[in-house]
Amino acid sequence: MAASGFVNALPAKRRVHLDFHTPDFVANVGERFSAQALADALAGGEVEQAAFFAKCHYGNAYYPTKVGRAHPGLQRDMLGEFVSGAAARGVRTFAYYSLGFDVWYGTQHPDTMQHPEPFFQRSWGPWTAMCVNGPYGEYAREQLAEVVRGYDVAGVWLDIVGYYPVCVCARCREAYQRGTGHDLPFDDDKPDAGIGTDYYRWQRQMLDEYTGGLATLLAGLRPGCELLCNTATGIREKAAGVTNQDDGQWCEEAVGNRPHTFTAMSLYSSLFDNAVRPRPFEICSQRFHMGWGDWTLRPLEELKHDTATILAHGGLPSIGDQLYGDGRFEAPVYERIGDAYRWLKPRQAFCGTTRPAAEVGVFAASSGPASDPGGIKYNGNACRNGEGLFKAVMDAHCPVAALADLAALAGGRYAVVLIDENLPDTDEGVAALEAYVESGGHVLSVGVGPERYWPLLGVTEAKPLPTPVSYIRMADAPPGDLSMPVLARIQGHGVKLEAGAEALGYWTHPLSGKSKGDFYSHQHGPPGPATEEPAVWRVTRGAGSVIGVAAPIATDYWHTSYSALRKMIVACLDTLLDGRRQVYAEGLPAIAEVALRTNDEAVFVHVIAPSVSRPGTREAGETFFMDAAVGIHDVRIGLRVPEGRACTAADQLGHALTMTPDERDGYVRVELAPFRTHTAVRFDFR
Ligand SMILES: [Zn+2]
């Protein structure tokens with residue numbers, strides 16, 4: 001099977017990540033470490049694989065290394081003790097290795113550090129960012145070979161695999177010029193002019209060759225030894241198939257507990273799950289509430305939420321912990337991880353190996369290929385990676401796939417793809433969408449995007465509206481939110497459309513702008529008289545069609561969760577789907593997610609319903625906390641039965657459900673037994 005869903009194909013379905021970045025001043029490092037006690041705790045917690053430190057961000061090794069330097073306070077072979085102790089309890093070890101940060105090496109050889117000045121800030125926190133191009137890369141390779149030769153590890157967990165955001169050291173400059181024959185595409189005297197995409201691409205390629213070489217080296221030294229790359233800045237490139245696909249498993253951290261994290265857990269998983277060339281992937285959650293090493297312990301329901309979300313998207317869950325400097329750990333952490341994993345284990349077994357099945361896709365990548373240092377960060381206001389669209393569709397309980405590349409549309413799986421204004425400004429991007437629509441696909445464009453897409457959207461002219469805030473009045477809207485003008489608070493466009501375009505909604509401008517002379521009241525003027533200026537429209541193209549919305553209302557939704565915006569997006573989506581969603585769920589709270597997977601015999605509907613606290617505030621935004629889970633009752637699921645098949649049975653985690661005909665033709669309907677946080681239903685077909 002070429003798709004993802006490796007859950008049952010891999011020997012390690014439940015994982016833990018043991019952070020251990022220990023500065024030199026910790027004198028008694030590992031003094032109270034007991035590999036046996038830790039292995040017992042892991043095995044008791046249903047953990048099958050753990051990442052354990054070979055070398056940390058400080059450059060300190062936790063075994064007696066001949067290549068590098070062991071932590072100056074280390075009196076033992078922690079890695080060796082752990083590998084043996086864990087193996088005795090059936091837990092596999094991945095040796096953690098910090099590639100991109102190494103304070104010890106960088107301090108001694110400053111010329112091997114990444115040299116971002118004058119373009120960017122250097123390093124992150126206390127940790128020095130290293131360049132793999134040159135002696136440091138050789139050093140890391142030798143040390144990794146030493147680890148894999150010396151210890152019976154199942155793999156290497158390679159961290160900080162990226163540039164922050166680019167290196168302009170003497171070696172990179174020289175290698176770029178030698179490799180490409182081009183002059184450097186930047187001017188040290190004019191840092192504001194930037195660096196250009198060619199250099200980013202070249203650097204990405206150089207890094208790919210390095211990690212690809214590492215994967216080959218390690219597998220050669222110890223057959224079956226896997227390389228896992230924490231993609232760091234490369235999640236989009238990985239999922240889009242842009243970068244090296246031969247460097248093993250993937251990982252992404254979806255850390256912390258801010259509101260966006262709840263969405264990011266799904267988004268990161270979905271991007272990998274629907275990658276152009278998918279690989280097994282791990283998503284690393286944490287025991288910590290806000291982030292690494294805050295020494296809090298999140299409630300059980302949060303660990304359940306995270307791991308079930310990862311399962312629902314075909315990934316392998318890992319929960320991050322951190323040892324104290326003296327090597328101790330807290331037993332309650334593993335009791336709680338065990339409670340979560342004992343709950344998850346039968347769910348993993350029930351679902352088996354499946355592949356993603358959502359027919360609605362969201363283009364989830366920022367506009368500039370490899371020109372966007374830092375890659376995808378679903379944490380800001382910019383909303384440049386499809387997260388607003390993803391959230392809107394997800395909040396409507398409609399299964400959705402995050403797509404890192406428009407080329408993914410060629411596979412024929414997607415009935416509708418949603419795009420926002422952050423499209424690749426390239427002919428390839430337009431061609432991919434055109435081919436998709438011509439062959440019967442439908443596009444919902446929320447925002448007008450780059451000008452080269454306008455002909456496809458049916459737009460002949462687009463200009464920013466005179467007021468930054470305006471209102472959209474949907475034509476023929478049923479009574480409710482959409483029958484009154486809907487506030488669109490991010491700059492929209494006045495558009496002229498090609499003949500034959502059908503207007504579905506119109507602009508209604510505010511009575512006044514917000515200036516000293518025209519000040520209406522506290523925020524905006526109320527909507528004025530109706531206009532005939534189209535704000536939402538539809539055009540047909542070949543066998544498919546396009547609906548356009550002339551304002552970035554998905555970004556607005558990401559910021560505000562204003563339900564009328566979601567309803568507008570979903571009404572357009574339903575129009576394009578002709579009222580034939582894959583799943584209809586009734587009775588779920590808005591924060592719930594419905595995900596859909598399949599194998600050859602059955603369809604699995606996952607429902608994830610986190611119960612969250614009211615958000616408080618802090619400088620960087622609110623946090624959520626799930627304490628006790630709320631029981632979810634009276635949920636009904638209507639599933640569209642694949643054409644030519646009949647549904648023979650429905651089973652909710654081992655309990656047979658009664659199937660009833662749905663009011664919609666070709667659907668089967670079940671009422672779910674009450675559940676908390678997550679449930680899954682298998683529908684069998686013949
Ligand atoms: Zn460099």
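**Exercise 1. Helix 4 and its surroundings**

Task: Identify which residues of helix 4 are buried, and establish what covers them.

Solution. The buried residues of helix 4 are Y136, G137, A140, Q143, L144, V147, V148 and G150. The structure is a predicted model. Next, consider what lies over these positions: the cover includes strand 2 (49–55), strand 5 (92–98), helix 3 (103–108), strand 6 (155–159) and helix 6 (197–221). Finally, examine the length of the helix. Helix 4 (residues 135–150) has 16 residues, which at 1.5 Å a residue should span 22 Å; its end C-alpha atoms are 22 Å apart, so the two values agree.

The loop that lies between helix 3 and helix 4 contains P118. The peptide bond from E117 to P118 is cis, with omega near 5°. Most peptide bonds are trans.

**Exercise 2. Helix 9**

Task: Determine how many of the 13 residues of helix 9 are buried, and state what follows helix 9.

Solution. Begin with the span. Helix 9 (residues 300–312) reaches 18 Å from its first C-alpha to its last, close to the 18 Å expected for its 13 residues at 1.5 Å a residue. Then consider burial, for which the criterion is 20 or more other C-beta atoms within 10 Å. By this criterion 12 of the 13 residues are buried, and helix 9 is therefore largely enclosed by the rest of the structure. Among the buried residues are the charged-type positions E301, E302, K304 and D306 as well as L303, I310 and L311. Helix 9 is followed by G314, whose phi is positive, near 80°.

**Exercise 3. Strand 12 and the sheet of nine strands**

Task: Place strand 12 in its sheet, and decide whether its two faces are covered or uncovered.

Solution. The open sheet consists of nine strands in the order 13-12-14-15-22-21-20-17-18, with mixed pairing. Strand 13 and strand 18 (486–488) stand at the edges; each has a single partner strand, so one side of each is left without a neighbour in the sheet. On average, neighbouring strands of this sheet are turned by 25° against each other, direction ignored.

Strand 12 (residues 360–363) lies between strand 13 and strand 14 in this order. It runs parallel to strand 14 (residues 416–419), to which three bridges join it, and V362 stands opposite L418 there. Three bridges also join strand 12 to strand 13 (residues 401–403), again in parallel; the bridge partner of G361 in strand 13 is A401. As for the faces, both are covered: V360 and V362 on one side, and G361 and F363 on the other, are all buried.

At the other end of the order, strand 17 (residues 470–474) and strand 18 pair in the antiparallel sense over three bridges, with L487 of strand 18 as the bridge partner of Y471. Helix 12 (residues 427–438) lies across strand 14, strand 15 (442–446), strand 21 (534–541) and strand 22 (544–549), and runs at about 125° to strand 22.

**Exercise 4. The nonpolar core around V393**

Task: Find which residues touch the most other members of the largest nonpolar core, and list the contacts of V393.

Solution. The largest nonpolar core has 202 residues, and A95, V156 and V393 touch the most other members. Helix 15 (residues 563–577) gives the most to this core, with eight residues. Leaving aside neighbours within four places in sequence, V393 is in contact with V360, V362, C398, V400, L418 and L573. Nonpolar side chains tend to be buried together in soluble globular proteins.

**Exercise 5. Two residues with positive phi**

Task: Classify H397 as buried or exposed, and do likewise for D634.

Solution. Most residues other than glycine have a negative phi. H397 has a positive phi near 65° and is found in the loop between helix 11 (387–395) and strand 13. With 25 C-beta neighbours inside 10 Å, H397 counts as buried. D634 has a positive phi of about 55° and lies in the loop between strand 25 (602–609) and strand 26 (636–640). Because D634 has 10 other C-beta atoms within 10 Å, it is exposed.

Technical notes. Residues are numbered from 1 along each chain as its sequence is written. This is a predicted model: local features need pLDDT of at least 70, side-chain atom pairs count only at pLDDT 80 or more; totals for chains, interfaces and linings use all residues. A nonpolar core is a set of buried Ala, Val, Leu, Ile, Met, Phe, Trp, Tyr and Cys residues joined through C-beta atoms within 7 Å. Helices (H or I, at least four residues) and strands (E, at least two) are DSSP runs, numbered from the N terminus. Two residues are in contact if their C-beta atoms, placed from the backbone, lie within 7 Å. Two strands pair if DSSP finds at least two bridges between them. The expected span of a helix is 1.5 Å times one less than its number of residues. Axes are lines fitted to C-alpha atoms, for helices over the stretch in contact, and angles run from 0 to 180 degrees between N-to-C directions.
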